[in-house]
Structures are given as structure tokens and as C-alpha cells.
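Dear colleague,

I am handing over the structure below, and after it I set out what was found, going through it piece by piece so that you can follow along on the screen. Please keep the sequence and the picture side by side while you read.

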Amino acid sequence: MGVATRGVKFKFAAGEKVLCYEPDPTKAKVLYESKVLDLVVSRDDRGRKVPEYLIHFFGWNSSWDRCVREEFILPYTEENRELQTRLANEAALSMKGKRKSKLPPLIKETLNKKLCSDSGNEKSENQDSSRSGSDSESSEEETEKDVTLSIPEILKLQLEDDWRAVTKKNKLVKLPCQPNVITILEAFVKHLAAKLLCASPPRNSKNGKQLMPDDVQNKLNLCKEAMDGIRVYFDFTLPHLLLYRQEKKQYYTDGTTCSPLVDSTR
């Protein structure tokens with residue numbers, strides 16, 4: 001039975017167990033056992049209200065929660081479970097021979113089960129080759145290193161305060177937030193410009209205009225390009241890695257805009 005929210009009819013209800021297709025079109029088309037966390041009223045390209053669902057994938061932490069359209073979701077029935085198994089087998093066959101580290105994280109578990117099952121059936125015939133293949137794979141995995149970041153104590157306290165406010169007290173940051181990421185990045189560019197110009201003041205040209213030294217201009221251009229890269233990376237990773245589950249509905253409902261940094265040296 002459908003649920004109506006703000007004039008939009010939802011086919012699935014919050015808390016319902018469902019099967020959800022991989023939302024990333026660049027990855028293998030497989031189905032995952034999932035749960036509807038929340039109902040979200042979104043808008044399509046033409047501005048019309050459409051139903052979306054905040055989905056949690058069983059077996060994965062909340063950083064993998066996604067907001068998806070209704071067409072990505074199937075009822076949790078025996079028939080659809082058979083479809084899930086068939087798609088997983090097809091994905092496993094197409095992914096054979098690829099490095100595990102390059103596989104989409106959400107389907108590693110499904111593919112590992114399939115590959116382990118296949119290797120078990122062939123163990124008596126290919127024991128030596130399987131062992132050598134396993135050793136080779138292990139050596140590839142060992143090349144991956146974790147990166148340890150040193151976080152200042154003052155930043156740790158701020159992150160803990162944010163975690164407590166969002167996850168325990170259900171408080172959200174008012175949007176648009178100030179200062180935002182772009183404001184902070186622009187402030188850094190302005191700070192660097194002031195520092196460089198104090199060390200190498202502009203020189204006067206023949207027509208009376210002040211010219212910035214070439215080395216200062218080059219450093220500022222590199223800095224601005226780097227800050228633009230950080231902005232793009234932040235915008236890309238924000239909904240996938242940097243938001244708590246409680247914040248994701250706000251993100252997908254309110255939407256975000258991504259604008260380039262202004263030229264702060266003018």
C-alpha cells in the first residue's frame with residue numbers, strides 16, 4: 001500500500017526491507033538487500049516533485065547510504081531474490097581476473113562469495129595454480145597502505161562536538177552555512193596573496209599601472225588552481241563520505257550548488 005507525503009505518493013514505506021539496484025550507473029548492475037531509512041520529496045529536471053528514498057545497504061556502514069529514485073527499488077520477494085542471485089552471478093563472471101582493490105566496494109562481498117565458491121569446486125584440479133594465484137593476489141593487496149592523519153586537538157574537539165550535536169541531539173547546521181568551504185578557501189588565497197606581495201611589492205609600469213611580479217603571479221595561479229581542486233573534491237565526496245546519516249536527507253532535499261572560486265587577487 002502506498003504512502004502519501006506532501007502530495008507525493010510513495011510505493012515503499014520507511015523501515016521496509018527492499019532490494020535496491022546499484023545506484024552508480026558506471027558499476028555492475030546488481031541488487032542489494034536494503035532498508036528504507038526515510039522518504040524524501042525531491043524534484044526532477046523539470047521541477048516536478050518526485051519520490052526518493054534514503055537507502056541503507058545491509059552489511060555496510062552508514063557512509064554508503066544513498067538517496068535513490070523509486071525505479072531503483074524492488075519489493076523483497078522470492079522472485080526478486082532469484083533475480084538478485086542471477087545478477088550477482090553475472091557480475092562475478094564479468095569481474096573475474098580484476099584486482100579486488102579496483103572492484104566497487106559495495107559488490108566485493110557478493111563477488112568474493114562467488115569466487116570462493118568457484119575456487120572450491122576447482123580446488124582438486126587446480127590446487128597448485130590456485131595457491132600461486134592467491135599468493136599473487138595477496139602480494140597485490142599488501143601494496144596498499146593506510147594513511148594516518150594527525151589531527152590537531154582543537155579540531156578533534158570540534159569534530160566531537162559536531163558528532164554529538166548531529167547524532168545524539170539531532171541538530172543540523174542551518175543552510176546556507178557561513179563561513180562555507182568556498183569562503184575558507186578564498187580566505188586562504190587572499191592570505192597568501194597578501195604575504196607574497198609584502199615580500200615582493202608590485203612595481204610601477206611606464207603607464208603608471210602597478211604590475212605584480214611574475215613569480216608572485218605564478219604562485220597565486222598555482223594556489224588558486226589547487227584550491228579549486230580541493231573545492232571540487234569536497235563537493236564530490238561530501239554526500240558519500242563526509243555527512244552523517246541524519247544530514248544526508250537535508251543534503252538531498254535542499255540540494256547544493258558548486259561555484260568556482262573568485263579571483264581574490266583583483
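**Strands, a helix and a few contacts**

Strands β3 and β7 are paired with each other in the antiparallel sense, and three bridges make up that pairing. Within the pair, Leu-19 has Leu-74 of β7 standing opposite. Please bear in mind from the start that this is a predicted model.

The pair belongs to a wider arrangement, an open sheet of five strands in the order β6-β5-β4-β3-β7, with antiparallel pairing. At its edges are β6, which covers residues 66-69, and β7, which covers residues 73-75, and each of these has a pairing partner on one side only. On average, neighbouring strands of this sheet are turned by 50° against each other, if direction is ignored.

It may help to walk through the sheet from β3, whose residues are 17-21 and which is joined to β4, residues 31-43, by five bridges in an antiparallel run. Which residue of β4 is the bridge partner of Cys-20? That partner is Tyr-32, while Leu-19 stands opposite Glu-33 in β4, and Leu-19 also stands opposite Leu-74 in β7. As a general point to keep in mind here, the side chains of a regular strand alternate between the two faces of the sheet.

Is β3 enclosed or open to the outside? Four of its five residues are buried, so β3 is largely enclosed by the rest of the structure. Cys-20 counts as buried because its relative accessibility is 0%, and the cut-off for that word is a relative accessible area under 20%.

The next pairing in the sheet is that of β4 with β5, which is antiparallel and extends over nine bridges, and in it Val-40 has Glu-52 of β5 as its bridge partner. The hairpin made by β4 and β5 has five residues between the strands, and there Gly-47 takes a positive phi near 85°. Strand β5, residues 49-57, is in turn joined to β6 by four bridges, with the two strands running antiparallel, and Leu-54 is placed opposite Cys-67 in β6. Cys-67 is buried as well, because its relative accessible area is 13%. Although two cysteines have now been mentioned, a search of the whole structure finds zero disulfides.

**Away from the sheet**

The loop between β5 and β6 holds Ser-63, and this residue links parts that are far apart in the sequence: Ser-63 and His-240 are 177 residues apart along the chain, yet their C-alpha atoms are 6.0 Å apart in space. When neighbours within four places in sequence are left aside, Ser-63 is in contact with His-240 and Lys-248.

Helix α6 spans residues 214-242, and Leu-238 lies in it. Is Leu-238 buried or exposed? Leu-238 counts as buried, because its relative accessibility is 15%. Not counting residues up to four places away in sequence, Leu-238 touches Leu-243 and Tyr-251, and the C-alpha atoms of Leu-238 and Tyr-251, which are 13 residues apart along the chain, are separated by 9.2 Å.

Helix α4 gives a small check that you can repeat yourself: its 16 residues, 153-168, should span 22 Å at 1.5 Å a residue, and since its end C-alpha atoms are 22 Å apart, the two values agree. Just after α4 comes Asn-170, with a positive phi of about 55°, and this is a positive value in a residue other than glycine. Asn-170 is placed in the loop between α4 and α5, the latter being residues 181-199. Asn-170 is exposed, because its relative accessible area is 57% and the cut-off for exposed is over 50%.

**The chain as a whole**

Finally, some totals: the protein chain has seven helices and nine strands, and buried residues make up 27% of its 266 residues. If you take the contacts between residues at least 6 apart in sequence, 56% of them join residues at least 24 apart. The chain exposes about 18,200 Å², and carbon and sulfur atoms supply 53% of that area.

With kind regards

Notes. Residues numbered from 1 in each chain as written. Predicted model: local features only at pLDDT ≥ 70, side-chain atom pairs only at ≥ 80, totals over all residues. Heavy atoms only, no water. Disulfide = S-S within 2.5 Å. Buried < 20%, exposed > 50% of the residue type's maximum accessible area, 1.4 Å probe, protein only. Contact = heavy atoms within 4.5 Å. Areas by Shrake-Rupley, 256 points an atom, 1.4 Å probe, with all protein chains shown as cover. Pairing = 2+ DSSP bridges. Axes fitted to C-alpha atoms, helices over the stretch in contact; angles between N-to-C directions. Expected span 1.5 Å × (residues − 1).
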